[in-house]
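Please open the model in a viewer and keep the selection tool at hand. The tour below proceeds from one selection to the next.

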Amino acid sequence: MVAALVASLSAWASGSINLMGTTYVVDTLFHNQVGPGTMQTSLWLHTGSANLRVFYLTIDMTNPFVTLSGVCATDKVAGNERVSTMAERKSRPGKRYFAGINADFFVTSGYTARGVSKVGTPVGSTVVEGQIFRARNNAKLYKNFIMDRDGQLYVNPFFFGGTVTAPDGTQATLGGINTYANESAASNQNKITIYNDLYYGSTDETGAGYEVQARLAEGYVFETARPFKMVVTSDTSSAGDMTIPNGGYVIHAHGTARNLVKKLQVGDTVTVSPSWTYNGLSVEPYEVISGNPKIVENGEVIDQDADRPDATQLHPRSGVGYSDGGSKVYFCVVDGRSGISDGVRTRVLGEIMRYAGATEAMNVDGGGSSCLYTSALGVRNRPSDGNERADGNAIFGVSSAPDDDTIAVIRFQDFRLRTPKYGIYTPKFYGYNKYGMLLDLDVKGVTLTCPESMGEIINDGTTFYATGSGVATLTGHYNGATIEAPVEIVGSVDDINITNDSIINDTFRDYEVDVQSIVLDNVLPIYSGALTWTSSDESVVTIDAESGVLRGITDGKAYVTGTIDGVTDTMWVSVEKPTAHVMPIDPNLDLSTWKITQSGGKNGVAEAQGDGFTYSYTGASSRAPKIILTKTFRLWSLPDTIRVRINPGEAPMTGITFGLRANGAGISYHAVNPDTIIPNVENVFDLPTASWIDADNMGNYPITLSSMQLGMGNSEIGKQYTMQFLGFETVYAAVEPVELQHGDVNGDGRVNVTDVTTLVNMILGVVPMNLERADVDGNGRVNVSDVTKLINIILGIES
């Protein structure tokens with residue numbers, strides 16, 4: 001069983017494909033189930049400097065809950081909508097649009113005579129669930145992907161036509177539905193066109209034709225390929241651009257067909273007999289999308305690039321197809337116009353779709369429109385516009401299964417499971433309901449088992465530790481559901497590398513050293529407990545010899561060494577112990593080392609005060625008012641929060657943005673913009689470290705703070721403003737805050753006459769007000785009564 005699994009895995013993992021004489025290496029980047037009966041595969045094709053990224057869906061149409069359904073943007077002929085938005089809008093219980101691809105080429109400009117936009121109109125025929133949005137007899141230009149009412153699939157240039165019969169037996173050719181009645185002498189001249197209320201609101205026809213409004217006769221529906229009857233509801237008009245009534249129709253005749261419509265009267269019944277034919281084959285479509293050219297036929301790639309001059313150019317491409325008589329459907333996108341994917345011509349798209357399994361396929365709209373979507377994982381490719389484009393229509397795999405939120409099936413997320421000897425592998429799992437709908441992208445609570453000869457399971461049953469060699473069957477268990485997959489234990493340890501060259505430890509937190517192994521040029525994690533560990537100075541840092549877990553003891557530096565099979569690596573550890581819950585960033589603040597710049601203010605003056613400073617300025621005009629404080633600080637230890645305390649006075653402050661750099665990384669900017677900033681009182685601006693880096697990875701430290709930019713509103717021109725920067729601080733959650741004694745106004749841990757001096761200075765405005773400490777009598781105000789209360793506390797008269 002294991003051998004069979006490995007063989008299957010290897011077949012998918014890598015291979016080769018010949019594309020027009022060039023052999024590409026095929027690496028599988030992703031292969032997993034994304035919905036009922038549906039697999040999504042991502043490939044990287046490469047040779048030399050050439051690269052292609054391929055994304056395709058394989059849909060099992062024998063699944064009883066799966067069908068196909070098209071969507072026209074906004075459910076009208078014209079309009080644009082993202083493929084993802086279409087799916088979200090149309091999905092409902094019992095009808096989930098779980099995977100799809102963009103479809104037809106569409107009109108990109110133009111308006112009707114009444115000013116209605118034509119953008120988004122599919123250029124070919126489009127049918128959605130038996131409702132004709134557009135039917136055109138342009139088979140020479142466009143091919144059709146059709147699913148008939150029995151679920152049979154076709155990819156061919158079907159010709160739309162049929163007849164319209166008047167009450168007196170006169171017949172005319174049916175030229176199209178919701179298309180241009182006079183588009184050319186070779187197509188719709190001397191024919192009848194029917195318009196429904198999915199069109200532009202009116203026929204937009206101004207040529208020499210006749211038009212009449214109509215409704216369906218009682219008991220009839222507008223069929224795609226069966227006769228039905230319509231009843232005339234208006235007088236005939238030759239004015240053109242007739243309004244299409246809601247729920248109704250307009251019959252338009254051009255050329256010689258005008259004679260049939262011209263003599264119709266209100267109440268007359270006409271018979272419409274539409275048809276879709278190709279080489280003598282007639283079908284009754286239920287779903288239709290269009291494209292060009294056809295690229296795979298009877299399992300062979302066909303080169304019709306000559307039909308379209310742009311078909312030979314390298315672009316992003318999309319294609320749809322099927323195999324096995326329609327039992328499998330393929331949606332495929334090849335990215336292009338990017339540094340990681342060159343794009344393809346349509347013939348190469350055909351070769352890729354044949355590689356995926358398609359025996360019949362056609363090209364649809366590409367370029368920036370190319371989009372492969374799944375409801376669980378989102379857009380799978382990278383659209384060349386940089387964002388998902390709003391397209392004219394799309395086609396989807398749709399599940400009719402009832403909604404069910406219970407996970408009944410799990411699957412390993414990783415397509416290929418590999419680890420070196422002594423390696424550790426903690427898999428993640430997708431969770432599906434019993435119908436195959438992907439519900440959970442990271443199922444928690446899955447436990448693992450494996451053969452004892454191959455390894456052991458650690459970390460509460462979530463991690464495989466490889467101690468053997470060869471291939472092991474790894475089994476995941478979740479609420480009665482199980483999944484098996486082969487994990488390949490690759491080679492021996494050729495080299496090891498401690499992930500971080502150095503870390504900082506604060507003496508409060510343990511740290512398990514991250515170690516990687518280089519096996520066959522692949523970097524894979526290994527279990528730190530497999531190494532033997534030592535510390536160069538155990539008075540500074542200790543490390544468990546067997547587990548690789550270290551902790552700092554006191555401030556200083558030491559290095560730790562890990563050894564396995566004669567291979568070693570070292571890492572420096574700097575121990576920095578925070579001494580207080582809150583510590584000043586610049587404890588001996590010297591304003592001469594700070595740079596303060598401002599727009600939206602002038603004549604700025606800064607004066608040191610306590611652990612901060614005051615800043616006064618005169619309001620001035622600016623398009624982008626701000627105050628920038630610049631000084632580089634290497635923050636101590638492992639701060640949990642960066643804190644700035646500001647009393648803005650009446651200055652129109654809106655927030656603060658920190659310029660920060662994690663160890664080994666570039667500078668990044670992180671904003672704190674509270675909903676409300678209260679004037680004339682202290683406001684605290686906290687930026688949690690975990691909000692912008694992995695705070696548990698001690699390799700991300702030290703943190704460097706390089707700038708603080710205050711967002712400002714418009715200051716009143718000429719008005720004087722004073723802001724108090726009360727403190728620039730780091731907060732350490734591991735250090736318990738010291739509870740202040742009642743009356744300890746200056747916060748030095750003692751209550752004495754120096755607190756009286758500080759309190760008086762706060763009242764006089766000499767030093768910044770701290771209401772929490774200064775309101776000694778607790779009445780919500782700070783005044784002379786608080787001084788009296790404080791003196792009585794010092795004298796022991798009150799407590």
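How much space lies in the largest pocket of this predicted model? The volume is about 1500 Å³.

**First stop: the centre of the pocket.** Select Arg645, Glu682, Leu740, Asn770 and Arg773, which are the closest to the pocket centre among the 47 residues of its lining.

**Second stop: the elements around the pocket.** Display strand S50 (582–584), strand S55 (641–647) and strand S60 (720–731), then add helix H5 (753–764) and helix H6 (771–774). Each of these elements gives two or more residues to the lining. Which of them supplies the largest share? That is S60, with 4 residues.

**Third stop: the character of the lining.** Colour the lining residues by class: 18 are nonpolar, 17 are polar and 12 are charged.

**Fourth stop: a four-stranded sheet.** Now leave the pocket and select the strands S31, S39, S38 and S35, which in this order form an open sheet of 4 strands. The pairing in this sheet is mixed. Strands of a sheet can pair either parallel or antiparallel, through backbone hydrogen bonds.

Which strands lie at the edges? They are strand S31 (417–420) and strand S35 (447–449), each of which pairs on one side only. Viewed from one strand to the next, the twist averages 35 degrees.

**Last stop: the pairing of S31 with S39.** Zoom in on S31 and strand S39 (residues 481–490), which run parallel and are joined by 4 bridges. To inspect one bridge pair, select Thr419 together with Ile489, its bridge partner in S39.

How values were computed:
Residues numbered from 1 in each chain as written. Predicted model: local features only at pLDDT ≥ 70, side-chain atom pairs only at ≥ 80, totals over all residues. Heavy atoms only, no water. 1 Å grid on protein atoms, 1.4 Å probe; cavity = no way out; pocket = protein on both sides within 12 Å on 5 of 7 lines; lining within 4 Å. Points joined across faces, edges and corners; volume = space filled by probe spheres on them. Nonpolar A, V, L, I, M, F, W, Y, C, P; charged D, E, K, R; others polar. Pairing = 2+ DSSP bridges. Axes fitted to C-alpha atoms, helices over the stretch in contact; angles between N-to-C directions.
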